Each structure stands twice: as C-alpha cells, then as structure tokens.
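Reader: I'm new to reading protein structures. Could you walk me through one, feature by feature?

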Amino acid sequence: MISRFFIDRPIFASVLSIIFVLAGGVAVFTLPVAQYPDVTPPTVLVTALYPGANAQTVRDTVAAPIEAQVSGVEGMMYMSSQCTNDGVYNLTVTFKLGMNSDMAQVLVQNRVSLAQPVIPALVQSEGINVKKMSPNTMMIVNLISPDGRYDSTFLSNYATIYIKDELGRLPGIAGITYLGQRDYSLRAWLDPDKLAALNLSAGDVVNAINQQNLQVAAGQIGQQPVPKGQQFQLTINTLGRLTEPEQFGDIILKAGPSQPGTQPAPEASTGQTSADAQGSQNAQGVPQAMTTGIVRLRDVARVELGSQQYDQSCTLDGQPSVALSVYQLPGSNALDTAAGVYAKVKELKTRFPEGMDYRIVYDTTPFISESIHEVFNTLRDAVILVAIVVLVFLQNWRAALIPLIAVPVAIVGTFAVMAALGYSLNNLSLFGLVLAIGIVVDDAIVVVENVERWLEQGLAPRDAAYRAMDEVTGPVIAVALVLCAVFVPCAFLGGVTGQFFRQFAVTIAVSTVISAFNSLTLSPALAAILLQPRDAHPDPLTRLLDLLLGWFFRLFNAVFGAGTAWYTRLVGGLLRVSGIALLVYAGLLVVTYREFKNAPTGFIPQQDKGYLLLNVQLPDSASVERTEKVMARIEALARDTPGVGHTVGISGQSLILNANAPNLGSLYVMLKEFAQRRGPTLTADAIAARLRERCGREVRGAVVSAFGAPPIDGLGTTGGFKLIIEDRGNLGLGTLQRVSDQIVGRGNKTGGLQGLFNSSRTDTPWLYLDIDRTKCAALGLSVSDVFSTLQFYLGSYYVNNFNEFGRTWQVNIQADPRFRAGVPAIRQLQVRSAQGQMVRLGTLLSARNISGPVSVLRYNMYSATAIIGNTAPGTSSGQAIALMQEIAGKELPRSMAIDWTELTYLQLQAGNTAMYVFALAVILVFLVLAAQYESWSLPLAVILVVPMCLLCSIVGVSLAQMEVNIFTQIGFVVLVGLASKNAILIVEFAKQRQESGASRREATLEASRLRLRPILMTSLAFILGVVPLVVSQGAGAEMRRALGQAVFSGMLGVTAFGIFLTPVFFYVIQGFGGVKHEGSPPKSTEPPP
C-alpha cells in the first residue's frame, strides 16, 4: 500500500509536497491575468471612405461588392456592416471561437481584394483598411488644454504626429481610433462665382492641383554611362509636392489671353488681385476685346491649413478634448497592455507643450484587476473559515494543522499545471481554486478523522495511521476518480461554453488529484508524527487551546453526540419504511423537473463594470451644433448624479449604433471606484435608472438611452440584447422602419423589457436633385460633368496629398460655406459646356424634399435594422429572448426574419450544452464507481442522491431572485462531484462492514453513524468556504454570487438529503441484490507487525 511506504518515510513525502509548492510558486508569477478565459470570438474590421456619398450610395457601390466576396469566408459566424451619410463604411466580420485571428485577417483581406476592381476609384484612393481588433474600446486617452490655448485641431494633430504611433507600437495594441478627430488638410474653399466669371470650373482647379502638386523624381546629372572625364554626379531636386498654403495659393489655374466677352476676375477673397494679372477695362468695368493674365488659386479660393473632418467633437467633463480610443489585440494581456499605455503616455507627457495635458478616465482594466483581487480575498476568507471548521471538529491543533497544510500544497501546485497548459489567472480558474479549498481539505479531514478514531481506541499513532489508511484509501481514490470523471469531460467542450468550463474544471480536477496524492502520502505521514496517543501529556499549545475553547469543545461534543444518536435512530426508522422514503424521493424528482422547467435562464450575468454608455438621438437632420448643446446639458446632469466620476462625450457619432450622423451623440459615464459606491443606490443599474429618469424629465428634444457595460468585452458595446430584423424579401427600408418601430413600441409596453430603440431612421429629410438629362444634351453638357460639379463643390473632394511634419495629409477642395448653405446656392453653381459657355445648374435641375436613411445596416448581406434593449429588473436574458421572439413573430411579415447577434447569438448557440455535460458527468461517475465496486447496482446508491443537490440549488437560486446562467450551471457540475463524494463515504464504509460479516442493516447503520462526523465536517468546510462567494461585494460580485449561491444552496441540501437518503439507497439496492457478501474477500484488520 502506497500510504505505508510514506508513513515510514515522512521526509520523502514532505519533499514531494515541497516540490509541488515550489513549482507552483514559480509558475504563479508567469501567469497572465484576465477577466475571463479567451471567450471572445476573433473579429476583423474592414473600413472604407467614399467622400460626399450618402448611405445608400455607399451601400450600393462599396458594401455590396465587398460583402458579396467576404460572405462565406472560412470560419465566419456572421458579419454586420454600417453605411453612413458621411461616406463611411464599416464591416465587422465575426469568426468562430478558436479561429486564428491572423488567419482570419488574411482571409478577409484576400476576399476584399477580389472586390476592388468594381469599387469606385475615389474609395480606392482613400484606402480600404482590413484590421483585426476587438470591437470594444479598452481605454481612452483624452488630450486637453486646461487653459484653452490649444483648439481641437492642434490637439488632434499633436496626437497624430507624436502620440498615436508611439502607442500603436506597444505590445497588445490592435489599433487606435479618434473621437473628435481633426486631421490636417490643405483646404481650398472655392468661390464658384469667381470661377464662373473667369470661365473656369471646379474640375479645372482639380486638374491644376494634380498637375502642379506632385512628387518629382528628377534623376541625376553625370550618372553612368557618361562620356569619359565626368567629374561630378549630382542629384537633381525641384519643388514638386507643395507644403505651405501660400504655395498652393500660387497654383496657376489659367494663363494667356482671356476669351472675348468674359467678365474680369472679381477681387480675390483676400482683398488682393493677382500681381501677375494683366489687361485693362474701361471705367464702366466693360472688358476690352482681348486681355492677358494669370489666374491663381488664391484668386478664386480661400486657401488654408484646416481640418479634414468637422463632423464630430469630443469633450471630457464638459471641456473640449480629443480622445484616442485604444483597442486591445485579441489574445493579449489586458492588464499588461494597459500598464504599457500608462507608462508610455506618462513618458510622452514630458514633451508636451505648456498648456496641454492628458487624462485617462475611461479604462476597463481596473475592473479586471479589482475582480481578480476580490477573488483572492475570497480565497483568503475561505481558508480562514475552513480552518475554523476543522478546528471545531477535530479540537486539536495538531490534527487541524494536517488538513490546512494540504491547502497550499494542492492550490499552489495547481498553478504549475495552469502555466504548463497556457491558462491565465482569471475569474473562472480562481473560482475553481476557491471551490477546491473545500475539496482539498475534505480528503485530509477524512484521513485525520479516521486516524483520530483509531487513536481513541488506544492504538499508537503509527498503527492508527496504518489502520486508518487501510479503511480510507479506497474512498479517497474513489472520490478523486469521481471528481475527475465529473470535471475532465468539461475540458473537451467546444464553443464559448467550453471556454468557460474548461479552465474551471481542469483547475479543480488538478487540485483534486494533487489533494488525493497528498492525502495518501503527506497527510498520513504527518498524522503518524504529529498526532499523540490519548494518554500522552498535552503540550503547552494544547493546554492553552483547552483553556480557551475547552468548554466550547465539550459542549459541541455533547450536542454532536446526542445529534448522532438521534440521527442513527432516524436512519433506522427510515430503513424500516424505505418504500415510503423512495416514494418521497420520487416526488422530489418531479419537483426538481418542474423547478428546472420554470426557472429563468440566462447566459452571462450583467455586471457593474464601473461605467455606463448613453446613446443620445436628436430629431432627424439636427445639426452638430444643436447636438453639442444637448450633450453639454446631459454631461452636466450626469456629473451632478451621485456616484458619477467623469464623463466623455462625443457629438456626431453613436457608439452603440456604430453610426455617424450630426443628430447622434454618445456619452461614457465613468462611475466612481467601487469602494466609494457601497449601497444599492450607487450600483451601475441604479445610477442608469436615475439618469434615464432625469434625462427624460429635464432634457428636451432628445431621446436618451442608458446601458451598462457588456458582460464580455468584445461581444457588443453595451449590456442588454441586440435583435436584428432582416429584410429578406427586399421590401425596402421604409417597410423595415415601420416593422421595427412596431416591434420597439410593443416591446416597450411589455413587462420585463425596457429602453428599446432601433437603429433604423429612414425618413430623415433629404434633398433630391432631378437633373434634366435632355436639356444637358441640348446645351452640350455631359451628365458626368454635372455630377462632378456637385461632388467638387459640395462633397469635400479629395484631390491628392501634401507633406508636412513628416506626415502625408490630404488636399481637399469644397465650395466656401456661404455657397452651400441651401438650395438657392446650389442653383447658382455653374458648369462649363462643350462650347465653353458657363451654365447655371438651376437651369438643369430641380430640387425637391424627400426622405432617406441616416445610415444603412446590413447583416449577412441583408438590409437590416438592429433593435437594442435592456431587460427590466427581475427578468433574465432567456426570458427577454422569448418575449422578443414572441413579439417579432406577431409583427414580422413573411419576407422578413430575425437574427440574434453578439452575446445573445452565443447564448442561443450554446443552448443546453451545460446540461448535457451534467448528464455526461453523472454517467461517468456511475461507470467509475461500477468499475471500482465491480457492481452495476451499488453505484446507484451514490448516484441517486445527485438530483437532490440540483433541487436545492435551483430553489436557492430562485429564492435569491437569480437566473440559471453559465455560472450556476458550472455550480451544478461541481455539485455532482460533491454529492457523490459524501455518498461514497457512507457506501464504501457500509460495503466494507458488510464484507466483514455484518448484516445489511447493521452495516448501513454503523456506516451512517461513523461517517456522519467526517461528512458534516467536510460539508461544512466546503459550505463555509463558499460563503465569501455568496456575500461578495465589489468588482465582479455578480459572477461570484451566481456561482456561490448555486453551490451553497446545493451543498446545504445535498448534505441534508444525502445523510438520510444514501443509507436508504444502499439498504434497498443491497437488498435487491440478494447477496450478503459482494465483491472482494474481507480484508485483514490486523495492524502490521
């Protein structure tokens, strides 16, 4: 027997345990820290820009060809795209969990390249970017000017030139985007009247800039081969690409004699005409027959170094700001990445100009570190509570020390295996360690308690250890095999459920194996050394313990002895009415089924992560200026709300809808630290409800929705749910809008749902220009020239590039603001005919008001709209899914369909996987016990008690008003092993007694009486070990409470049911077997010589 070997060699046993501790102690410092295992599916983002195009044009010319190629790319789960009226196109392709993100990017890049030949040239010149990145912002770096000396343009470009690339090179950074971006651009604000007076068009300006602002490769003088005797070889350089606004102003648009009958150039916008202008006119301003002159760009345009974008603005706590949104690379360590950003920005600050500073108020990583810290606190509290239980039951510091030594050996040793498997220190793996404490202590308690029992009978410590290990080696091994049979199958699950279960299950399984090994080696060796015979003289510490707690121990023993006698009599009575007990058990099975069927279901619980995200929507076509005023009011209101620390506002963009529009806004509301938000009125949900109420009452002219953080970063931008309505029958955006509005209206009136809104806005005011193509042909105009004129004057046309500050920036032309303020201004624009005559657009087109979308959403290539909403307090995500599907079923026409996306998609995909795991765990436990006992019937005495732990667990979860989510399902699997463990202690002992010649009834009663103390001791150790989970507060408390409540309730119930029902099951099954002695021949109970 292995235990005899180590009882005789205690130093050898100690060395093995020390090796476990050393290996784990070294490994723990190498383990990365994360909130969860890698459960976020890889995502690839495709972005493009079509300047001047509206959402429908982007959809037809950019989205359609790209998505036709990308659709069906290997490993894709779904794709979603957004086309907006500022010409921006964003496509997010989400891949299956486990797909290599680098390979996903390459596959998408290859598919996009196939679509490029049919994409407009202007879009290709802007560039189509394909990046792998998490769709969630990890942190935001805000640049501010406290004294107001720097505007947003300066801050934005300082960030581009000196900060963005420095941060982008840090490990773990996938990409950086801007909030309130203001890239430099050489702006030529054209005066259409002056151009027309000089018989020039905007196309002439584009051609002139293209011809005179280009990079020149002029070559060299004297480069070989040359005639003999060449002494020098000189590189040639000349002014090619321009850099200064003055140089662009000098670009020549026209030179030579002007055409007869044309009007002279009006005075330039700067008040100065070209110094090179030549010609004459009479006093009445009538031109002479022929004049000569040179027209430069500055004569017909205002040239300046401006911004490429003016559509968005950003604020920090109401102060103008520019923000850098930092995205984490999938699979990287969030805490290390964030630490790198903090260090780099701190270093860069030393070079900031005076009057400029930075703030980082939005950071998702403190929640991760705090939640991990809270789990470590739970681990500490669990050890303390377990130590108290052990001391109370064993009442001997020497005996209590042995199980407590087992804890660090098994827990710390597990870190070494975690490092070898590439696992991280996350909530799931640490939850496994918290629960493992009770299991680890259990094995050692069984050993020590049995040694103590033989010491009471007068044996010497070494002999008592021998005799005890003869009895408990089988149960210890059986328990270890059973727990491995429960948890190991979880390691082979796929999908997001598998990712959640795997590290948790493997952690417990490894710690259990180490614990079992420890219980067969170190624990009996220590018992033989530390424990003393009953007649031994007590040491000083024992006398002190007896002095302080002796009265309590004696009282406890008296009560426990009386309780044991009462329990034995009650079990004896149950054995007499075992048929009735089985009927009651059958009734409890029916109750268990009904409870499971009616229990609310969920996936990942909503969590207070320390921030909220508000979506603000003004009336259609509201200007950015109006949006900024409303956002300022909401920011002030938010900062005045208790529990709120900072705000980051964005006008002109909805982060939730992933859309840009002047009437949209977003607001990050950063809450104060968890330590400053104790109490139910300062939780994220309570603050969100208060903000909804105040905004609805005090903010006029805007719809404000408040959402919490997403349960899993990278799966959606907010909490709640997201339902996609797809137009599969091509009914049109108007019908899609109407149907989605009906679903939202009904949903907001349905109990259990709140805050529903949709992303579809198809009736926003547009202008339709009806061009008379016949008249164009009659006047010698091509329709393409008319289109180009509109694009040049109204669309912020990108011409080419210039270099400054070591960067490349865009050159853009556009009509001066006063020439694009309304329809009358459009009518005055002129285009040149084939005969050289200038024709006003007003003669060629008519304008009328129509409606169109703010943005166009496509989901898996179908035109779609997204309905985003929250669950009301007390409603689970599973109930919300059922409610929304019921509503959609009533409102959707046959040619439309629904699809869930993001976290809800994974929830539905996971389905009842966890319950299949539960069933598989029960089957494997049965098979392991059948192999060990060489019996098909005896394992039933262990397995039949398992449903009772589920009943008690589900009742406890329901009483706590929680849902059955993935954490409670993990708890169910844990309970299978724990329920079986307790039953094994009774069944194994009863089996040994029956094999020794005792009757079935005597064996059952004796096993129940002798095993009651270790069962209650180990069960209480486990139950108190999870109490810190049940009452946890702070970051991540929602996860800990979900798991803790399920395991706590289930373990309480299975302990109560198990100690009464397991003897009945054993008694009845052995009676049906009709064999008094089953299994191997009786073992010798003689002590070794």
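Reader: Let me start with one residue: does V942 count as buried or exposed?

Author: Buried, because its relative accessibility is 0%. Keep in mind that we're looking at a predicted model. V942 is found in helix α29, residues 938-943.

Reader: Which residues does V942 touch, leaving out those up to four places away in sequence?

Author: V942 touches L929, S980, A983, I984 and V987. Take V987: 45 residues separate V942 from V987 in sequence, yet their C-alpha atoms are 7.2 Å apart in space.

Reader: How much of the chain's contact list comes from residues that far along the sequence?

Author: Look at contacts with a separation of 6 or more: residues 24 or more positions apart account for 81% of them.

Reader: Can we zoom out, then? How many helices and strands does the chain have?

Author: There are 33 helices and 30 strands. The chain has 1089 residues, and 56% of them count as buried. Its C-alpha atoms fill a box of roughly 135 × 80 × 55 Å along the principal axes.

Reader: And what domains is the chain divided into?

Author: Domain 1 is 1-30 + 395-531, domain 2 is 41-133, domain 3 is 540-598 + 912-1073, and domain 4 is 611-764 + 856-910. Taken over C-alpha atoms, the centres of domain 1 and domain 4 are 49 Å apart.

Reader: Now helices. How do I tell which side of one faces inwards?

Author: Start with the general idea: an α-helix has 3.6 residues a turn, so residues three or four places apart point the same way. Now try it on α20, and check its length while you're there. Helix α20 has 16 residues, 624-639, which at 1.5 Å a residue should span 22 Å; the end C-alpha atoms are 22 Å apart, so the two agree.

Reader: Which residues of α20 are buried?

Author: V624, T627, V630, M631, I634, E635, L637 and A638. They cover an arc of only 160° around the axis, so they sit on the same side of α20. The face turned away from that buried side carries the exposed residues E625 and K629.

Reader: What covers the buried residues of α20?

Author: The cover includes strands β13 (313-316), β16 (611-617), β17 (644-654), β18 (659-671) and β19 (703-707), along with helix α21 (684-698).

Reader: Let's stay with β18. How many of its residues are buried?

Author: 12 of its 13 residues, so β18 is mostly covered. As for partners, β16 and β18 run antiparallel and are joined by seven bridges; L612 stands opposite V669 in that pairing. β17 also pairs with β18 in the antiparallel sense, over nine bridges, and there V644 has L671 as its bridge partner.

Reader: What happens between β17 and β18?

Author: They form a hairpin with four residues between the strands, and N658 takes a positive phi near 55° there.

Reader: What about the side chains of a strand? Where do they point?

Author: In a regular strand the side chains alternate between the two faces of the sheet. For a strand with a lot of cover, look at β5, residues 137-144. Eight of its eight residues are buried, so β5 is largely enclosed by the rest of the structure.

Reader: Which strands does β5 pair with?

Author: One is β14, residues 319-328, antiparallel over seven bridges; V141 has L324 as its bridge partner there. Another is β15, residues 357-363, which runs antiparallel to β5 and is joined to it by five bridges. In that pairing, I144 stands opposite D357.

Reader: Last topic: cysteines. How many disulfides does the count come to?

Author: Zero. The idea is to look at the distance between sulfur atoms, with a cut-off of 2.5 Å. For C695, the closest cysteine sulfur is in C314, 18 Å away, which is too far for a bond. C952 is in no disulfide either: the nearest cysteine sulfur, that of C949, is 7.9 Å away.

Reader: Are C695 and C952 buried or exposed?

Author: C695 counts as buried because its relative accessibility is 3%. C952 is buried too, with a relative accessible area of 15%.

Reader: Could I try one myself? I'll take T592, in helix α19, residues 578-598.

Author: Sure! T592 counts as buried, because its relative accessibility is 8%. Leaving out residues up to four places away in sequence, T592 touches P947, M948, L950 and L951.

Conventions. Residues are numbered from 1 along each chain as its sequence is written. This is a predicted model: local features need pLDDT of at least 70, side-chain atom pairs count only at pLDDT 80 or more; totals for chains, interfaces and linings use all residues. Side-chain values use heavy atoms; hydrogens and water are left out. Helices (H or I, at least four residues) and strands (E, at least two) are DSSP runs, numbered from the N terminus. The expected span of a helix is 1.5 Å times one less than its number of residues. Buried means under 20% relative accessible area, exposed over 50%, partly exposed in between (1.4 Å probe, protein chains only). The arc is that of the directions from the helix axis to the C-beta atoms. Contact means heavy atoms within 4.5 Å. Two strands pair if DSSP finds at least two bridges between them. Domain bounds come from an automatic or database domain assignment.
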